[in-house]
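Visitor: Could you walk me through this one? I have not looked at it before.

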Amino acid sequence: MGKVIAVANQKGGVGKTTTSVSLSAALAEKGKKVLLVDCDPQGNATSGFGINKQELELSIYDIIIDEWEISDIILPTEYKIDIAPSQIGLAGAEIELASLEDREYRLQKAISKVKDNYDYIIIDCPPSLGFLTLNSLAAADSVLIPLQCEFYALEGLSQLLNTIEMIKSKINVNLYIEGVVLTMYDSRTNLSQQVEAEVRNHIGDRVYNTTIPRNVRLSEAPSYGCPIFAYDPSSKGAQAYMDLAQEVINNG
Ligand code: ADP
Ligand code: MG
């Protein structure tokens with residue numbers, strides 16, 4: 001049975017999508033069977049795999065709102081990964097879900113049907129704590145939190161950890177924290193070092209040893225519609241995500 005990992009943080013621009021795409025691709029490079037579920041209406045993970053969002057006939061919206069089967073929307077990619085794509089119409093689901101039955105559990109229901117087909121199912125969450133993120137966390141076994149090394153990092157992390165506790169008590173009792181990964185780390189700055197020290201001091205046992213460096217190749221890859229391993233496999237960013245994937249595998 002595949003493990004479902006939601007990549008979540010209510011802040012935008014912290015590296016959720018980059019981590020979802022690169023970790024999925026790294027797990028696939030290591031021979032794992034991976035499904036990437038794009039749960040963000042922005043659809044950046046979808047286009048990050050070279051899929052033209054305008055040409056999609058079906059997306060995550062159709063399985064959450066209209067109860068299509070997830071197998072109807074899953075697309076293979078050139079990169080040994082399957083993707084359940086998203087497009088901007090998914091934004092409407094935030095509003096429509098509010099009045100639907102089982103509104104927190106629709107994605108879980110859909111994903112449970114394909115769990116056996118994969119080793120890992122990675123969900124890229126939107127930058128909010130709305131219904132799409134709740135659906136993702138209800139569907140997940142664990143949550144992986146990308147944390148950008150910036151001044152307010154620890155404050156945002158405490159809020160997120162409180163929210164996860166709330167979700168555990170109300171929506172998904174088995175949810176646990178897969179780990180926190182420090183992103184856009186710049187070892188030349190004191191700030192990155194300070195944030196790392198504080199976060200490790202605070203919740204050290206849950207922070208990955210691997211930190212993701214600020215690496216321009218990681219930000220360039222999406223514009224070529226391919227993951228970092230197809231764009232520049234020898235880059236520092238590629239190496240870091242391979243190391244992270246190994247830690248995720250080792251943690252079981
Ligand atoms: P989120 O999904 O949390 O909004 P993204 O993964 O889209 O965040 O990252 C925000 C921006 O930062 C994007 O332009 C992305 O290319 C860039 N970025 C993410 N991680 C890195 C990194 N390690 N080094 C350099 N740029 C990065
Ligand atoms: Mg994103």
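Guide: We can take the sheet, the helices and the ligand in turn, keeping in mind that this is a predicted model.

Visitor: Okay, the sheet. In what order do the strands come?

Guide: The open sheet has seven strands in the order S3-S4-S2-S5-S1-S6-S7, and their pairing is mixed. Strand S3 (75-76) and strand S7 (176-183) have a single partner strand each, so they stand at the edges with one side left without a neighbour in the sheet.

Visitor: And how does S3 pair with S4?

Guide: S3 and S4, the latter spanning residues 81-84, pair in the antiparallel sense over two bridges. As one example of a bridge partner, Leu-75 has Ile-83 in S4.

Visitor: Which strands does H1 lie across?

Guide: Helix H1 lies across S1 (3-7), S2 (34-38), S4, S5 (120-124), S6 (142-148) and S7, and runs at about 165° to S5. Helix H8, residues 153-170, also packs on the sheet, where it touches S6 and S7 and makes an angle of about 165° with the direction of S6.

Visitor: Back to H1, then. At what angle does it cross H12?

Guide: The axes of H1 and H12 (residues 236-250) cross at roughly 70° and come within 8 Å. Because angles from 65 to 115 degrees count as roughly perpendicular, H1 is described as roughly perpendicular to H12.

Visitor: Which residues make that contact?

Guide: From H1 the contact takes Ser-22, Leu-23, Ala-26, Leu-27 and Glu-29, while H12 brings Tyr-241, Met-242, Leu-244, Ala-245 and Val-248. Sorted by character, the residues of this contact are eight nonpolar, one polar and one charged.

Visitor: Switching topic: what surrounds ligand 1?

Guide: There are 17 residues around ligand 1, and the closest are Gly-15, Lys-16, Thr-17, Thr-18 and Ser-219. The shell divides into ten polar, five nonpolar and two charged residues.

Visitor: Which helix gives the most to that shell?

Guide: That is H1, with three residues. H1 (16-29) and helix H10 (216-220) each supply at least two residues of the shell.

Visitor: Last thing, what does the UniProt record annotate here?

Guide: The unreviewed UniProt entry carries the annotation "domain: AAA" over residues 3-176. Across residues 3-176 the chain in this model is 40% helix and 17% strand, and the C-alpha atoms at the two ends are 12 Å apart.

Terms used. Residues numbered from 1 in each chain as written. Chains lettered and ligands numbered in written order. Predicted model: local features only at pLDDT ≥ 70, side-chain atom pairs only at ≥ 80, totals over all residues. Near = placed C-beta within 6 Å. Helix = DSSP H or I, 4+ residues; strand = E, 2+ residues; numbered from the N terminus. Nonpolar A, V, L, I, M, F, W, Y, C, P; charged D, E, K, R; others polar. Axes fitted to C-alpha atoms, helices over the stretch in contact; angles between N-to-C directions. Parallel < 35°, antiparallel > 145°, perpendicular 65-115°, else oblique. Contact = placed C-beta atoms within 7 Å. UniProt positions renumbered as here; feature names shortened; annotations may be inferred. Pairing = 2+ DSSP bridges.
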